[in-house]
Amino acid sequence: MLHVVRYKRKELGLLIDQINASGYGLTLGVHTRIDETIAKVIDNVNAGNVYVNRNIVGAVVGVQPFGGEGLSGTGPKAGGPLYLYRLLSTRPQDAIEKSFVRSDALSAPDTRLRDILNKPLQALKAWAASNQQSDLDALCSQYAEQSQSGITRQLAGPTGERNSYAILPREHVLCLADDENDLLIQLAAVLAVGSSAVWPETDISKPLRARLPKDVQARIKLIPDWTKDEVAIDAVLHHGDSDQLRAICQQIAQRSGAIVGVNGLSHGETNVPLERLVIERALSVNTAAAGGNASLMTIG
């Protein structure tokens with residue numbers, strides 16, 4: 001059975017908003033030769049896999065890493081570069097960064113978005129240096145090097161098809177910590193991937209936020225009660241003991257909507273799994289359907 005929904009062309013943005021509001025985001029396909037329409041859809045839709053001018057089934061490992069977001073998946077993508085690390089109980093902190101070295105040497109990734117996302121982190125780093133917080137200064141540099149958020153890479157695929165893989169930040173990360181040092185560790189990790197921090201309003205968090213640079217303050221939202229469903233949370237970082245972590249997991253599990261991952265850390269721990277704070281999106285474009293593949297002209 002095929003369901004057809006008609007919409008006015010000028011209301012495409014509204015249609016995309018309605019699709020996103022459903023909460024589901026596994027795959028989406030668009031058929032058009034209008035480049036502006038393609039750009040508007042892929043830039044605004046919340047779906048793990050987007051297909052342009054082709055069918056939306058048959059994802060291939062290493063070519064179209066597969067997996068949704070929101071109510072359609074928690075990540076990582078099957079067949080994607082982050083998948084194996086989710087199966088490990090421990091790993092070197094720079095393991096994911098090193099895993100991309102070989103592919104990036106063969107094909108330079110697009111890092112323009114990463115450079116933009118990193119600006120608040122650089123502001124935090126400068127603040128740490130000016131306030132003689134050398135550990136935080138060094139941690140900002142470390143996270144900046146390790147973060148893969150904001151990077152788009154081209155993947156191998158058949159002739160007549162262009163496949164890309166992008167790592168993007170989860171929008172809102174709840175940060176739970178009992179002391180200022182742990183809160184700053186979490187903040188550095190959140191800013192390194194380009195996310196915004198959600199801080200419960202406490203006697204520690206409120207004055208700390210006020211001391212930070214304006215660019216950093218803009219990425220921190222203070223809230224009186226994080227347990228309310230209307231508070232947007234896409235991931236959780238927690239520094240503390242196992243009893244606290246257990247209680248937090250129970251509270252998060254009671255929330256309606258998409259499953260939210262909780263990442264527990266011991267006091268002072270800096271080995272934050274940055275890959276848990278991002279989403280992955282795969283784009284597959286049938287270039288032949290758009291009038292041909294210009295790269296074919298270079299053959300021979």
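This note comments on one sheet, the helix across it and two pockets in a predicted model.

1. The sheet is open and has five strands in the order E2-E3-E12-E6-E5, with mixed pairing. Its edge strands are E2 (27–30) and E5 (151–155), each of which pairs on one side only. From one strand to the next, the twist averages 20°.

2. At the E5 edge, E5 pairs with strand E6 (residues 161–169) in the antiparallel sense, over five bridges. Gln154 stands opposite Ser164 in E6.

3. Helix H2 (residues 35–44) lies across E2, strand E3 (49–52) and strand E12 (278–286). Relative to E3, H2 runs at about 175°.

4. The largest pocket holds about 790 Å³ of space. Its lining comprises 29 residues, and Asn46, Glu69, Gly70, Glu171 and Asp234 lie nearest the centre. Strands E1 (24–25), E4 (69–70), E6 and E12 each supply at least two lining residues. By class, the lining has eleven nonpolar, ten polar and eight charged residues. Domain 1 (23–117 + 148–168 + 279–289) and domain 2 (169–276) each contribute at least three residues to this lining.

5. The second largest pocket has about 500 Å³ of space and is lined by 18 residues. Nearest its centre are Ile42, Asp43, Thr152, Ala166 and Leu283. H2, helix H5 (112–117), E5, E6 and E12 each supply at least two residues of this lining, with E6 giving the most, four residues. The lining divides into nine nonpolar, four polar and five charged residues.

6. E6 and E12 deserve a joint reading: each supplies at least two residues to the lining of the largest pocket and at least two to that of the second largest pocket.

How values were computed:
Residues numbered from 1 in each chain as written. Predicted model: local features only at pLDDT ≥ 70, side-chain atom pairs only at ≥ 80, totals over all residues. Heavy atoms only, no water. Pairing = 2+ DSSP bridges. Axes fitted to C-alpha atoms, helices over the stretch in contact; angles between N-to-C directions. Contact = heavy atoms within 4.5 Å. 1 Å grid on protein atoms, 1.4 Å probe; cavity = no way out; pocket = protein on both sides within 12 Å on 5 of 7 lines; lining within 4 Å. Points joined across faces, edges and corners; volume = space filled by probe spheres on them. Nonpolar A, V, L, I, M, F, W, Y, C, P; charged D, E, K, R; others polar. Domains from an automatic or database assignment.
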